Each structure stands twice: as structure tokens, then as C-alpha cells.
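Welcome! Open your viewer, and let us walk through this structure one selection at a time.

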Amino acid sequence: LRIGEKYLINDDASSPFAVELVALGMERCTVLRDGNPLFVMSVAQMLRSGMNTTCPSSIVLRNGDRILPFDQEVSNLTDTTLYKFKIESVAGRALPATGESDDALVADGSAFAAASKKINEAAAMGTGNGEKRQGNPYVNMPEANAGGKSSEGGEEADVAHNPFDFDKESLRRTFLGKPSPTASFFYAYYRTLSKKKSANGSTELGNNVLFAFIDAMSPQDKSSFDANMVLAGSVDSFPLKQLLDVLLQDKHTELGKRAIEGYIWLSCRKFKRKLHGRVSTSEPSGPILMANQNFPLNSMCNQMGWGNLEALLVESMEMLCKYQHNPIRSFALLEKIEPTASSGPEDAAQMRVLYRLAKVAYEKWFTADPETIAAKFVELNHRFRQKSHHASVKLINAFVDAMSPTDSACRCVPMKTVRHYFPLTSILSAILVDGKHKELGKRVLEGYVWLSSQKCSDSSLKPRGPVLLATALDRTYNKIGWDLLADVLVESVKKLCELDNMSDAFNLMEKITGASSRGDDSQCSLVCTRLAKLTSKMFNIDRFLSKPNATAKLFLTQYKHLEKDPSNKQFCSELLNSFVDIMSPRDPKCRREPSHSMDREFPLKDILSLLVDGRLMELGKRVLEGYVWLSSQRVACYTCGGPRLLDTVDVPLVKLCEALGWNEMNDVLVESVKMLCKHRNTEEAVLFVDKIAPAVSEGSSHRLRICSKMAKIACDEEIKRLDDARRYKSANDFLRYKKLLWLVGNYCPTIAPKFVTLAKKLDVDAILYPLLTDIGLRSSSSADAMKTTMSELTNHCAQLLNSRVGSDPDTVTAWTISNPDLYANFEFGEFLQSQCKKIFDWKVRKSDHRGFEAALQHLIDAGEIRCLSHQPGYTGAYYFKITKLKTCRVALSDLSCSCSTEHMNFDMKITQEPSSCLRHSSQWERREDKKKLDAIKAYLPADSILKRKADVLGADDDDEVILTGVTNVAETVAKRVKAAEDAGEVIEIL
């Protein structure tokens, strides 16, 4: 700081103003006067040094003086590091201001200067020869400095009055300006006085220091607490613990209470903070020091009395909840009241404080984050219970009061949605111990039901209701009792239904019904009846169309429960008719399209079985008609598949048709097959017809006629679909073709030629041969169309196997490309040269794929290979796949093969297909073909030319021509031709 030229201060005694520098902090100040440094130390520094210093605590500034910042050397001082010092006249005395802003706090320096002098005088008085003074200790005090002069200007010290007769207003202003440094100063000074006084000396001096400080910190006049006061600094570093230690050590209980009260008030005031050269006002943080880990709250309360501090502790918790943005400090304060093993009912005050603090904390923070706070409660209660049962009970009551207030008007909507992570089961386990606290358990469930059904302000998600209740019910119903649970469970189901969460409502009712079926309690049956009647009122057309699966399941559950009581017979009948009217109105014009599709979970089988067993056939027909129509409607965002569940209801459906007559059901049955075919579910159509169609020799003529009509529609569409999809080679389609062949051969012979045309395209090994050799299929029908179809396909299969067996065994069909040697330097070069391999799948980084594809572009353009960059499973590493597209017949001796090379066999990054080598697989395939040909020959007629040819070209043990001395294929053919001529089987064509 530098005194500005505009505000000169005369050095003579006639000057009306003077500026005094007072050191307050814990760093030494340096004043440059005429180039010489003068040092100024605060009283706190002097006390720390043991008063072994000659430096003054204040100095009168003169014109031209400069004040050096404590962290800079004299040699580094420049004008750029100095600031102007301004003098203003306020109330007849000079007040220094720092010039930071017009609103900066002033007058503290001069006010504290007087206090500093008086403390110095008191220090001098207290550091005498240790003899006890007689009479008034403030009379005839020694001078503060030698010669009775002050260190800074030779002024006489006024010691004729009480040195602690402070100006209370000035001292309080000083304290509020810098509360933490001032408190640290008084604490350090008091400790110094305590060390310097004699063992038999008076303690009145130290007591006066404490009283003076506490009066400044916490005035007894409450009007001095200005709610709008803005402190010059924060109190986060306030020495509260040290002050309370001193006060309690000297048994100043009331002063300790006032100190806590003053600290709480200070911690809730706004304060000024300087950051990056700017002064701003910060919000208070509350009495966080009382929640610090090292703050001895328990021992302090034990000394001062829990009842004496109850109001202050509750106020501390309220302020922490008000000014903190998270619950950490609040629950840290609560945990400090942790009971001991000896805590019991006799500690009523402590238990009352625990309950009140917990209630304040839970009421504030539970609605902010229910799941986190509930988890904290479970953890804290477990710790409390291990030490004191009474403390655990108080904590439980406080938590339950916050979660589920007895006055419903006090409930608050939570800021976060209560979902699956809420520890409901753990809370109930903590509360329901030894069969006690049943009412509290009920209140917890009531609170959970209400909270889980509220839409939170900070979430766009729709609440799902009490979804956890079904899980918690297993462990709690026998502890709380059905009489207390009845209203809660009914309300839970009601909320779940209102929120369209029918699946969880169904699960909850299933749990309740299961408990009732076990005979746990008669009250449980009453709960089930109440739920059934409640949910029956919720059946309407809108709910069914939006949630058909859940609504139908709910109907079945309630109906089955209600029908157990004969007194509910009329109600059950009305409920059943109401549901059928919703699903299938009597007037087809009143039908409405659903907003949700009917999937595989729709309980069609259970509904039809219920109606058929109850001999309500007309209602069963209406349900079937409604299902066929509803399942065939196109629904936005859903794939419409038609009545795909019909193949699962064959048993009740056949009973229904037999009861009403097949002619009566003709339209709905044929329409269902048409809808399945329309929505491209021909496989389900064939399966449905296959299940309800009887054997040809069984069943009435009406049933056979209707099944024939349905089979013709289904099989015709299935043949077209299989042919369009080119499903010729997959062995997984075997059962599909088997059912199709059985229906075609027995019920719709007119489309048999279409099936034969399709079957001739099938792969012999995967489908055709297993189909023709299936014993069950051949023995299932004796229809002429079936026999003709099987015979024609058997001849075709025999021809194919004949051609394969009769081919040159030394020649194989191999995969080939043109000029494979051009790619020898590539990783896939051996694969391209090898004629045994069709597919090459290589795990390689994706960035290289484009280069590989460019190198193979000529083969791709020629249609010889196909390349694909793919990621199996749509995740993980990328693969580069090459597939050969062209084949050729190659002699085994000329086959280009690299299957035996080490690189091809052991590179884990490469997969090649087929895995076997053609040199070995061709021989194995030939042997397998001979076995199949032998099996097919058994189904050929004895006079069949194909059979005779097969006998000629078949297995060696059936060959009547003895082939001895044969060396090559030509000799083999010649011998067989000669044998055929001798037998008269060769006809010369002119």
C-alpha cells in the first residue's frame, strides 16, 4: 500500500487525521520508511513467539510509507505491486479502506487497534513476577512498554481503567469482519495466558477474555443477530472444536452453548469471497464443522447435557439440510449420535435427540433420492441395532414417518422415480424383527405404493407402480398378517392397473392366489375375492384392445378364483359374458381394430378349454371368431401374423366342432387358414390342418370334407412359398416337407403334381432320401395319390443315386478359379489354388479389406468368387470372407490340394470349408451313396427297369456279373454290356 500524493498527512502534531497500521493475521508486515524496513507483528504472532520480540503490533503511518506484501522480498518491490491508500473522514475519525469496492467493509482496523492495545496491556499485566495481586487487578496496572510509552509513537498508555472494557459494538464489528482469524487470535491468546499465570494465580483474567469473545461471537441480546448480515469471510476454518475444548475443560457450559449458537448463526450467513481478483457473495454452507469426523459431538453432549443442546442440534440439522446440496453432511451429523452398548430407555434425552435429527434428515432427503436414502437407512439401522435396540427403534420410527406420514396431506412427490433398485425387502426385514412393528411394516408398504405411483418432476418416464410388492410379499405376509395387508394389496393392484402395468398386477395376484391355495389364512381368500371384483370392473373394450394379452390373463385368474365360491356363480356368469362381448361383439359391425397385436402369450387355449369344459359352446365359437379377426388386423409397429395359435388349441377346438357340428364351424376354420396364408404363415397353416385332420379312414364325412378344403388352400400356398424361397437343401425343413407330403397325398391329390415338381429339386441327402425312407410316412396312409407320389419320387431318387454311383470314382467335382498362381503372394493364395476348399473366412483388420477386394476385383467381375466384409454377431473383430462360385470335374491325380500344409491346418485366424479334403471325402461319399441306393431299391417295384439297372450298377454282393481281371473303366463297361446282351436287355435302335 502507498499513501497517495493527493492525501498528504502532515508530520506535525496539529494534523487532524492519522492512519494507523494494525497487524491482524499470522504473517509479519513490513513497512518501508525512507528505504528502511520496519516490522509489524500481530499479537497472535507475538504470543506464538513467546513474547520474545521488540516488534510493535501497530504503527502510525507517515507520508511516503510503503507496505510490502508478506510474500515478496524488499528487492522485488515495484510500483506495479502497490495499491493506492485512501483516507476518508467518517464520524470525526479517520477510517482506512482498501479500495477494493465502494461497499468494502471499513472501520475494522481502527476498532481493533484499541482492542489490540488493551490486550497488550492485559498481557503485560499477566506476565509479572507471578505474585498474586491483591484487590482489583485492573488498578495500578504496569505500563505496556518500558517508560510508559507506546512502541509506535511515544504515546502514553492509558492503564487507569479496565483493559477488557471493550467497545462491544466495535469488537463485534471486528469479529464479524473476520470471524475465523479473530477467533483463532482469542484462542491463541487465552492459551498463552493459561500457560503464563502462576499455579495459584487468579483465573479472572482468562475468564474475562472468554466472556469478551463470547459476547462478540454470540450476544445475549438476540436483536444483534442481523439476518441480512454478510460476513467478510467464511467460517469453514472456524476453531469451534478448540474453543469448545477450552470451555468444557474450565466447565463453562453456558458459554459453550452460546458458542455453538453463535457458530450456527455465523455458518448460515452469506459471505464475501475474492476469486480471480473479483469479490463475490457466496451462499452459506451451514454448520458443517459439527458434522466433521473429528468433532467430539457425543462427548460434548454428555458433558453439557443432551436436553440442554437438543434445540441447537435440531437447528444444526435443519440448517445442514437447508444449505447443503447432498445428504452427506446431514447423515454424518446423525451418525455422530451413534449409541453405545449401554444406551437404553434411561437415556431418554439422547434418544429423543436421535429421533428428532433423524426425522429432519429423512424428511428432507428422502424425497430427493428415495433409493439412496433408503439404502443408507438399512445400513445405519444395522449398525445401531448391534449396539442399542432402543436407538434402532427410534431410527425406524423416524424413517417410517418420513417415508409414509400418518397425515396423507404431508406426502411429497419424490424428485426421482422409485423403481426396481428400491430396497423394499431389506427395509421390511429391518423393521419386522421378532414379530414386532407390524403397523410400521404396513405403513412402509403404503408409502411405497404411493411413491412408486407418482410421476417425478425430473423424469419423463411414466411410473410403473408397486412392481416390487410381489417379490416382497413372500417374506412379509406371514409377519404382518393378511388383515393388515388387505387394503394395501387391493390398492396396489388398483394402481398397477391404472398405470397399465397389467403384467405386474397379474404377478401380484398370482402370488396372492398361490398363498390362498396353500390355505395360509382365511383372510387371504377374502383379499382374493376383493381383488377379483375390483379387477372385473376394469374389463372394457379399450383396455382389452390396448393390452389384449394382459387383460385376458387377468380375466382368467379372477374367474378361476371366483368360481371356487358357489355364491359367486351369478357374478362369474356375468363376468364371462362380459369378456366374450368385449372380445367378439355379437354384431360384427361393432368390431374395433386393436392397438396391440396378439402374440404367442395370448391365453387362447385356456379360454377355449374353460368354455368347452363348461359346455358353453356358443361362447367358444364367438371367442374363436373374435380371435381369428383380431389376430388378422394390421397394427402399427407390429407384424401381423394371423391366427398363429390355432395349432395349440387342437384338442378343445375338435371338441367344440364335434359339439356344434363341423358344418357349423366350416366358415371360421376355412377363414383361419386363409388368414394364415395371407400373412405368409403357410407353415403354421399346414401344421394346424395336420393337427385337426384325422386319418382318411376315420372321422365323419363333414370333417373330411372341411379338412380337405383347408389342406388344399394351405398346401398350395406352402408349395409356392417353398419354391419361391428355394428351400431345397436345409435338413431343418425335413419335418415341414413331411407334413406337406402327408396332407397332399391324403387330402388334396389334385396338387400332387406341384409337390412332385418341387420335390425333384430337393437335395437328395438332406431332404429327399430321408423323406422317402421314412417308415412312419410310408405306413401312415394307403391312399392311391400317396402311393403314386411316393413311387414317382422314389424312381427319381434312384436315378440320381444311380448316376452318382455309376460315375468315374477317380474323378471329383472341385472348386476352381482361373489363374490362381497370380495370387500366390497373398495370404489367401493357397486357398485360391486349392480346389478342395470353397470358403475362406479370415480374421483381419477392417482397414485392409478394401485392398484385398481391389486385388480380387478381376475374379469378382468374372463371377468366379464373391467377397464379403462382415462382423459375426454384429460385434467383435471383422472378417474377410471369400467364396468360390464355379466348379469343374477333376481327376484325383490332377487335383490341386494344400489341405495337408501346416499353414492351412493351424492358423487360428482362418476358417475354411469344407473342412475335409476331396481325396478322402469323395471316397466316403461314394460308399454312402451305395448304401442309400441299396435302401431305395427296396421300395422299387420288382419289374422296374431302374431296379434292374440299379442291380447292374449296385453293390458288389448283388452283382451277378463276376468282374475278374478288370484293370480299367473301359473293360468294366464292356463286360457289363456283354452280360446285358446275353440277357436280351440290349435293343438295337435303327
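Here, a residue is called buried when its relative accessible area is under 20%, and exposed when it is over 50%. Keep in mind that what you see is a predicted model.

**The whole chain.** Begin with everything selected. The chain has 990 residues, and 47% of them are buried. Its secondary structure comes to 40 helices and 17 strands. About 50600 Å² is exposed, with carbon and sulfur atoms supplying 49% of that area.

**Helix α8.** Now select residues 297-304, which form helix α8. Which residues of this helix are buried? They are L297, M300, C301 and M304. These four sit on the same side of α8, because they cover an arc of only 95 degrees around the axis. In general, an α-helix has 3.6 residues a turn, so residues three or four places apart point the same way. Turn to the face away from the buried side, and you will find the exposed residues N302 and Q303.

**Neighbours of α8.** Add α6 (240-249), α7 (253-267), α9 (306-323) and α10 (328-335) to your selection: the buried residues of α8 pack against these helices. Then click on G305, just after α8, where phi is positive at about 100 degrees.

**The cysteines.** How many disulfides does the structure hold? The count is 0. Select C410 and C412: C410 is in no disulfide, and its nearest cysteine sulfur, that of C412, is 7.9 Å away. C410 counts as partly exposed because its relative accessibility is 48%. Finish at C321, which counts as buried at 4% relative accessibility.

Terms used. Residues are numbered from 1 along each chain as its sequence is written. This is a predicted model: local features need pLDDT of at least 70, side-chain atom pairs count only at pLDDT 80 or more; totals for chains, interfaces and linings use all residues. Side-chain values use heavy atoms; hydrogens and water are left out. Buried means under 20% relative accessible area, exposed over 50%, partly exposed in between (1.4 Å probe, protein chains only). Helices (H or I, at least four residues) and strands (E, at least two) are DSSP runs, numbered from the N terminus. The arc is that of the directions from the helix axis to the C-beta atoms. Contact means heavy atoms within 4.5 Å. Accessible areas come from the Shrake-Rupley method with a 1.4 Å probe; for residues, only the protein chains shown count as cover. A disulfide is a pair of cysteine sulfur atoms within 2.5 Å.
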